[in-house]
Amino acid sequence: MKFADAVLISLVAAGAGLAVGLLGLLVAWLTRRWSIRWQLTLAATVAVLTVFGGVLAVAWLMFLSGHDLLVITVVTSIAVVVAILVGFVIGSAMVRWSGAVQLQARQMALGGHQQPSERGPRELRSLSAELAETQRRLEEASAREARLEESRRELISWVAHDLRTPLAGLRAMAEALEDGIAADPHRYHQRIRVEVERLARLVDDLFELSRIQAGALTLTPEPVLLGDLVSEALAGADPVARERRVRLGGQVEDGLEITADPASLSRVVSNLLMNAIRHTPADGTVEVRCQLAPGDVRSIDLSVSDGCGGLDPGDMERVFDLGWQGSSARTPAAPEGADGTSAQGAGFGLAIVKGLVDAHRGRVWVENLPAATGCRFHVRLPA
């Protein structure tokens with residue numbers, strides 16, 4: 001074949017292909033809102049018609065015999081039909097597969113659950129799996145939102161109760177002092193001071209929680225010797241432990257130091273200690289341990305063990321929720337303190353612990369001790 005003939009054949013084939021391609025683009029634009037079934041069928045049709053047009057144009061140009069031209073026409077026509085049918089079948093399958101993903105999305109919008117599709121091309125299967133994962137995350141978020149809403153309602157109820165009791169006592173004692181019927185005014189003044197301090201602590205807890213939840217908590221990290229910090233926390237909790245006949249113990253590795261906000265970390269340890277003392281029966285033991293995290297020398301593990309008798313699985317999920325106070329089976333009756341006030345808190349302590357630990361980019365969790373003798377709260381902080 002001469003070079004000129006090859007160039008001529010290439011130009012004729014290119015011209016025929018260009019004509020078919022432009023026509024195909026026009027039809028694709030006109031049918032752009034049609035089903036993907038017809039889009040794929042059109043793509044297959046354009047591809048095979050490009051070959052068909054080029055072959056016929058070159059055959060006419062080469063002046064083949066009538067028999068040869070008929071053979072080429074029949075063969076290419078069959079190829080056209082087969083290609084169109086294959087494109088239609090693949091397009092129909094794509095419609096079914098995309099319909100399954102659409103049904104999954106619709107079920108997700110209605111709150112139903114449907115397993116991810118295992119049929120279809122990789123992209124649609126990946127999309128279906130991502131929809132299933134999104135649905136799982138939405139269900140978890142919805143469950144968290146429901147727990148938060150329940151915690152808010154319980155918080156309002158508990159705060160109202162904790163405010164009503166001291167306020168009623170303050171009013172009664174103030175009226176007794178005002179009417180001059182108080183048998184021991186000095187004792188009444190002491191009780192008033194105690195109740196006011198209790199109310200102040202409650203307001204401080206609410207303020208701390210509001211700062212944590214609003215993201216307005218400001219930390220001032222500095223090196224902290226954990227041995228000193230734990231010793232101070234044990235000394236502060238010792239009077240309450242003695243009153244309730246609970247033994248305190250502590251063990252901290254020598255020279256263990258962490259960079260953290262001292263006041264916040266001290267409050268974490270104090271809140272965990274007071275929570276443990278409150279839920280440990282008389283003659284029980286509360287123990288604090290602080291060491292390098294096993295298997296991770298870049299983290300510090302601080303744990304507080306108590307003798308509460310263990311937590312139910314449902315309680316373990318809610319133990320750090322705002323306002324949580326535990327089940328009646330776990331929570332012993334709160335005795336009256338030496339000052340006449342109840343040792344039962346408002347359920348803010350562990351919520352504050354979690355907020356402060358999260359602010360230090362740490363992690364806090366709880367586990368039951370062997371034989372359900374008690375609980376151990378863990379605080380894992382980066383060293």
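Why are Lys 354 and Asp 358 of helix H9 separated by about one helical turn? The legends below take up this pair and several other close-up views. The model is predicted, so that local features need pLDDT of at least 70 and side-chain atom pairs count only at pLDDT 80 or more, while totals for chains, interfaces and linings use all residues. Residues are numbered from 1 along each chain as its sequence is written, and side-chain values use heavy atoms, with hydrogens and water left out.

**View 1. Lys 354 and Asp 358 form a salt bridge in helix H9**. The two residues are separated by about one helical turn because they stand 4 residues apart in this helix, helices being DSSP runs of H or I with at least four residues, numbered from the N terminus. The closest N and O atoms of the pair are 2.8 Å apart, where a salt bridge is a side-chain nitrogen of Lys or Arg within 4 Å of a carboxyl oxygen of Asp or Glu. Lys 354 is partly exposed at 32% relative accessible area, and Asp 358 is also partly exposed, at 38% (buried means under 20% relative accessible area, exposed over 50%, and partly exposed in between, with a 1.4 Å probe and protein chains only).

**View 2. Helices H7 and H9 pack against each other**. Helix H7 covers residues 262-278 and helix H9 residues 349-359, and their axes, which are lines fitted to C-alpha atoms over the stretch in contact, lie 9 Å apart at an angle of about 150 degrees, on a scale that runs from 0 to 180 degrees between N-to-C directions. The two helices are therefore roughly antiparallel, a term for angles over 145 degrees.

**View 3. Glu 133 and Arg 136 form a salt bridge in helix H4**. Here the closest N and O atoms are 2.4 Å apart, and the residues, 3 apart in a helix that spans residues 122-179, are separated by about one helical turn. Glu 133 has a relative accessible area of 29% and is partly exposed, as is Arg 136 at 36%.

**View 4. Arg 376 and Glu 367 meet through their side chains in a salt bridge**. The N to O distance is 3.6 Å; Arg 376 is partly exposed at 25% relative accessibility, and Glu 367 is partly exposed at 30%. Elsewhere, salt bridges that share partners join Glu 130, Glu 133, Arg 136, Arg 137 and Glu 140 into one network, and the count of salt bridges comes to 12.

Terms used:
Parallel < 35°, antiparallel > 145°, perpendicular 65-115°, else oblique.
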